[in-house]
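Welcome, and please get your viewer ready. We will go from stop to stop, with a selection to make at each one.

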Amino acid sequence: MSELIEQISKCIERGKVDKVSPYPPDMRDQEGADELSARAIEEGLGADEILKACNSGMQNIGDRFGRGEVFVPELLMSARAMNAVMKHLKPFFQSGTVKAKGKFIIGTVAGDLHDIGKNLVSMVVEGNGWEVIDLGVDVKTNKFIETIKQHPDSMVGLSALLTTTMGNMANTVKEIKSLFPQTKVIVGGAPLTREAADQMGADGYARDPQGAVGFLNGMLYS
Ligand code: B1M
């Protein structure tokens with residue numbers, strides 16, 4: 001791993017957003033995720049490599065949270081640092097070729113506020129030529145239903161990061177499929193598995209954004 005990549009990963013783990021951010025106190029006046037990722041791009045490092053560094057920083061802070069060593073405020077600072085990087089990476093994920101293969105409605109399910117992974121899926125899907133309607137986080141079933149009514153030709157993606165919100169996801173899938181049996185629904189997020197997706201009655205499961213693109217493109221030609 002290059003030194004720059006290691007520094008970016010550390011900034012994500014420590015929640016160091018940018019140079020002016022006073023947090024964390026021991027990194028005061030040092031460059032943060034914002035400046036370092038901009039520099040990494042200038043130096044020609046790939047967006048995928050930078051994203052991998054971010055994910056490893058996120059994994060570390062998540063593990064420390066799981067062990068009770070850090071708390072929600074630290075997770076939030078890490079999320080802010082990651083968003084600072086995503087701002088620079090967005091153009092790379094959106095530089096797709098042909099536009100509008102179809103519409104894709106996506107949201108994080110009710111009760112769940114995690115949106116970093118969902119945003120990545122949005123960007124990559126959009127970059128692959130789909131029009132994305134992003135409903136945000138904590139999206140209730142009704143909101144999905146209303147949006148499908150407005151865009152009946154869409155496919156739908158649901159994201160969940162908590163085992164406790166997988167139940168809400170299952171309810172949303174069930175409701176969508178009972179009202180719109182033709183609408184294809186794909187689910188994803190860290191606690192999901194293909195088995196869980198099958199049990200929910202989802203049409204597809206993807207463990208990463210590329211998997212979501214593969215599913216959508218596959219549906220186009222099926
Ligand atoms: Co939370 N959190 N969090 N958190 N958080 C996790 C998920 C956790 C695993 C941490 C831990 O305990 N080790 C744990 C969940 C345990 C569980 O249920 N299994 C947890 C918890 C417990 C909580 C709270 C309950 C904490 C509390 O309040 N006590 C709370 C819940 C709030 C709520 O949602 N109601 C909470 C809050 C938060 C913050 C708000 C502080 C913040 C989120 C900020 C934000 O998203 N804007 C946060 C964060 C940052 C995390 C961790 C550290 C990082 C998540 C992340 O962004 N990962 C996370 C630990 C971890 O993941 N190691 C943790 C990076 C992201 C790129 O990956 O989201 O997995 P991911 O997305 C991937 C794939 O999953 C996939 O593609 C993405 C790119 O590869 N994917 C899809 C995602 N959606 C998809 C949809 C698809 C296809 C693929 O198709 C539709």
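Which residues does Thr141 touch, not counting residues up to four places away in sequence? Select Thr141 and show its surroundings: with those sequence neighbours set aside, Thr141 touches Thr172 and Glu175. Before going further, please keep in mind that this is a predicted model.

**Stop 1: around Thr141**

Thr141 belongs to helix H6, which covers residues 141–150. Add Thr172 to your selection and draw both side chains; a polar contact of 2.9 Å joins the side chains of Thr141 and Thr172. Now pick Val173 and set up a C-alpha distance to Thr141: the two residues are 32 apart along the chain, and their C-alpha atoms are separated by 8.5 Å.

**Stop 2: the cobalt atom**

Next, select the ligand and centre on its cobalt atom. Which protein residue acts as a donor to the cobalt atom? The only protein donor is His114, through NE2, at a distance of 2.2 Å. Colour by secondary structure and you will find His114 in a loop, with strand S1 (103–108) on one side and helix H5 (116–127) on the other.

**Stop 3: two domains and what lies between them**

Zoom out and colour residues 3–95 as domain 1 and residues 103–221 as domain 2, following the domain assignment of the chain. Taken over C-alpha atoms, the centres of the two domains are separated by 26 Å. Where they meet, 10 residues of domain 1 are in contact with six residues of domain 2. Between them the domains bury about 710 Å², with 75% of that on carbon and sulfur atoms. To see where the domain 1 side loses the most area to domain 2, select Met86, Phe93 and Gln94; together they account for 55% of what that side buries.

How many salt bridges does the rule find across the interface of domain 1 and domain 2? The number is zero. The count of residue pairs in polar contact between the two domains, with both residues at pLDDT 80 or more, is also zero. Show helix H3 (47–66) and helix H4 (72–94) as cartoons: each supplies at least two residues of the side of domain 1 that touches domain 2. H4 gives the most to that side, with seven residues. By type, the residues on that side of domain 1 divide into six nonpolar, three polar and one charged.

**Stop 4: a salt bridge within a helix**

Side chains of opposite charge can pair when their charged atoms come close. The structure holds 11 salt bridges, and one to display joins the side chains of Glu13 and Lys10, with an N to O distance of 3.9 Å. Both Glu13 and Lys10 lie in helix H1 (residues 3–14), three residues apart, which is about one turn of the helix.

**Stop 5: backbone details after H1**

Stay with the backbone and move to the loop between H1 and helix H2 (33–42), where Pro24 is found. Check the peptide bond joining Tyr23 and Pro24: it is cis, with omega about -10°. Asp29 has its place in the loop between H1 and H2 as well. Which sign does phi of Asp29 have, positive or negative? Phi of Asp29 is near 70°, a positive value in a residue other than glycine.

Terms used:
Residues numbered from 1 in each chain as written. Heavy atoms only, no water. Donors = N, O, S within 2.8 Å, 3.2 Å for Na, K, Ca; no water. Helix = DSSP H or I, 4+ residues; strand = E, 2+ residues; numbered from the N terminus. Domains from an automatic or database assignment. Contact = heavy atoms within 4.5 Å. Buried area = accessible area lost by both parts, 1.4 Å probe. Salt bridge = Lys/Arg side-chain N within 4 Å of Asp/Glu carboxyl O. Polar contact = N/O pair within 3.5 Å; in protein donor to acceptor, adjacent residues only side chain to side chain. Nonpolar A, V, L, I, M, F, W, Y, C, P; charged D, E, K, R; others polar.
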